[in-house]
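The exercises below are meant to be worked through with the model open beside the text. Try each task before reading the solution that follows.

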Amino acid sequence: MCNRARMSHEPEALWGSASQLFDERPRDNRFDPRELRPKSRNYVIREWDGERAWDVMLWDVLGGGAAWPMTNVRQLGLKQWRALAANPENRCIIPLTEFCEWTPEPVDLGDGKKPLKGEMWFQVTDQPVFPVAGFWQRTKEGKCFTMVTCDPNELVAPIHPKAMITILEPEDVDTWLRGSYDEVVALQRPYSAEKMTVRGPVFPTRDGIK
């Protein structure tokens with residue numbers, strides 16, 4: 001499941017009028033939106049009272065309320081998630097430039113060390129910055145979000161056969177943020193594999209061996 005991703009651009013006008021921040025940008029060295037990891041703070045786009053803007057949230061929609069960070073959600077019909085997914089005010093967009101899945105099996109690098117899994121990085125060729133469907137809520141840790149997953153496409157399935165993040169077409173962003181529950185569930189589908197690429201495996205902990 002996607003627990004590592006990147007957004008290599010600073011906030012700017014994307015997908016409509018999202019050109020400003022709802023809250024002031026954090027000014028500390030714990031905030032690095034270029035590298036998304038569980039429980040890191042990252043940029044998202046949401047709407048409030050008809051205004052669309054960037055916000056900063058924690059990547060764990062339960063805000064530490066479970067044994068592990070809830071970074072991905074798939075079963076939108078479950079009562080807990082339906083309540084959030086059905087409310088447009090709780091939906092958001094997570095802008096990414098690439099996301100990571102790990103190789104299914106460890107790889108022997110021939111360096112005498114223990115085999116390890118490699119990073120496989122996926123990009124979207126027709127959208128250098130692509131929108132991922134998500135929703136958010138307020139928790140004891142502040143505003144927290146999750147990404148919505150779906151069935152994997154033919155490119156992702158050999159690496160992660162269970163699921164992939166729900167990447168939206170540009171024309172579907174407004175529907176995700178403003179549509180009915182049934183309309184957003186219909187968008188929970190795999191992105192075209194023909195419009196994606198993958199690189200890897202990469203092993204950054206072994207002196208950059210690829």
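Helices and strands are here DSSP runs, a helix having at least four residues and a strand at least two, and they are numbered from the N terminus. The model itself is a predicted one.

**Exercise 1. Determine how many helices and strands the protein has, and in what pattern they follow one another.**

Solution. Begin with the count, which gives three helices and eleven strands. Next, read along the sequence and write β for a strand and α for a helix, and the pattern that appears is β-β-β-β-α-β-β-β-β-β-β-α-α-β.

**Exercise 2. Decide whether the radius of gyration of the protein agrees or disagrees with that of a compact globule.**

Solution. Start from the 210 residues, for which a compact globule would have a radius of gyration near 17 Å; the protein has 17 Å, and therefore the two agree. Then consider the extent along the principal axes, where the C-alpha atoms fill a box of roughly 60 × 40 × 35 Å. Turn next to the contacts with a separation of 6 or more, of which 70% are accounted for by residues 24 or more positions apart. Finally, look at burial and surface: buried residues make up 48% of the 210 residues, while the protein exposes about 10300 Å², with carbon and sulfur atoms supplying 49% of that area.

**Exercise 3. Find how many positive and negative side chains the protein has, and how far apart the centres of the two sets lie.**

Solution. Counting each set separately gives 28 positive and 31 negative side chains. Taking the centre of each set then shows that the two centres lie 6 Å apart.

**Exercise 4. Establish how many disulfides the structure holds, and examine C92 and C144.**

Solution. The cut-off needed here is that a disulfide is a pair of cysteine sulfur atoms within 2.5 Å. The structure holds zero disulfides. For C92, the nearest cysteine sulfur is that of C144, 11 Å away, and C92 is in no disulfide. C144 is likewise in no disulfide, its nearest cysteine sulfur being that of C92, 11 Å away. As for accessibility, C92 counts as buried because its relative accessibility is 0%, and C144 counts as buried because its relative accessibility is 0%.

**Exercise 5. Place N42 in the structure, and say whether N42 is buried or exposed.**

Solution. First locate N42, which belongs to strand β2, residues 41-48. With a relative accessible area of 0%, N42 is therefore buried. Now list its contacts, leaving aside neighbours within four places in sequence: among them are F31, D32, P33, D55, W59 and F145. As a last step, compare sequence with space for N42 and S180, which are 138 residues apart in sequence and 26 Å apart in space, C-alpha to C-alpha.

**Exercise 6. Examine the backbone at K39, at D49 and at the peptide bond from G200 to P201.**

Solution. Take K39 first, whose phi is near 70°, a positive value in a residue other than glycine. K39 is found in the loop between β1 (5-6) and β2, and because its relative accessibility is 41%, K39 counts as partly exposed. Continue with D49, which has a positive phi of about 55° although it is not a glycine. D49 lies in the loop between β2 and β3 (51-59), and with a relative accessible area of 68% D49 is therefore exposed. Lastly, the peptide bond from G200 to P201 is cis, with omega near 5°, and P201 has its place in strand β11, residues 196-202.

Conventions:
Residues are numbered from 1 along each chain as its sequence is written. This is a predicted model: local features need pLDDT of at least 70, side-chain atom pairs count only at pLDDT 80 or more; totals for chains, interfaces and linings use all residues. Side-chain values use heavy atoms; hydrogens and water are left out. Buried means under 20% relative accessible area, exposed over 50%, partly exposed in between (1.4 Å probe, protein chains only). The radius of gyration is taken over C-alpha atoms; the globule rule is 2.2 Å times the number of residues to the power 0.38. Contact means heavy atoms within 4.5 Å. Accessible areas come from the Shrake-Rupley method with a 1.4 Å probe; for residues, only the protein chains shown count as cover. Lys and Arg count as positive and Asp and Glu as negative; His and the chain ends are not counted. The place of a charge is taken as NZ of Lys, CZ of Arg, CG of Asp or CD of Glu.
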